[in-house]
Amino acid sequence: MQRSLIAMTSITYAMKAKRLLNDKGIFCEIVRTPKNLGSGCGYSLSVKKDPREIVRILEQNSIPHKNILKG
């Protein structure tokens with residue numbers, strides 16, 4: 001499966017999201033958002049799982065995010 005990027009609202013929320021997802025056994029990485037893909041804090045989560053599932057988990061845990069950038 002191709003990697004997807006989920007834009008985050010801040011580096012702090014990106015770190016919280018990474019910790020949450022890792023605790024659930026979902027591997028993800030915090031990466032710089034490519035300048036041509038987004039704006040904002042400049043950090044995204046890079047995930048291999050379905051990004052809609054990741055967004056659902058983030059929303060259930062009140063972790064704000066921006067959008068899915070690719071995938």
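**A tour from S44 to S62**

Select S44 and T33 to begin: their side chains are joined by a polar contact of 2.5 Å. The model is a predicted one, and the distance is a computed value.

Keep S44 selected and show its backbone; S44 sits in strand 3. Its relative accessibility is 0%, so S44 counts as buried, the limit being under 20%. Now expand the selection to what S44 touches, skipping neighbours within four places in sequence: L5, I6, A7, M8, E29, I30, V31, T33 and L69.

Two of those contacts of S44, I6 and M8, lead to the next stop. Select I6, M8, L21, L45, I54 and L58, which touch the most other members of the largest nonpolar core, a set of 15 residues. To see where this core comes from, colour strand 1 (4-8), helix 1 (11-23), strand 3 (43-47) and helix 2 (51-60); each of these elements supplies at least two of the core residues.

Within the core, pick L58. Which residues is L58 in contact with, leaving aside its neighbours within four places in sequence? The contacts of L58 are I6, M8, A17, L45, I63 and H65.

Finally, move along the chain to S62, in the loop between helix 2 and strand 4 (65-70). Is S62 buried or exposed? S62 has a relative accessible area of 62%, and because exposed means over 50%, S62 is exposed. Check the backbone torsions as well: S62 is not a glycine, yet its phi is positive, at about 55 degrees.

Terms used
Residues are numbered from 1 along each chain as its sequence is written. This is a predicted model: local features need pLDDT of at least 70, side-chain atom pairs count only at pLDDT 80 or more; totals for chains, interfaces and linings use all residues. Side-chain values use heavy atoms; hydrogens and water are left out. A nonpolar core is a set of buried Ala, Val, Leu, Ile, Met, Phe, Trp, Tyr and Cys residues joined through side-chain atoms within 4.5 Å. Buried means under 20% relative accessible area, exposed over 50%, partly exposed in between (1.4 Å probe, protein chains only). Helices (H or I, at least four residues) and strands (E, at least two) are DSSP runs, numbered from the N terminus. Contact means heavy atoms within 4.5 Å. A polar contact is a pair of N or O atoms within 3.5 Å; within protein, one must be able to donate a hydrogen and the other to accept it, and residues adjacent in sequence count only if both atoms are side-chain atoms.
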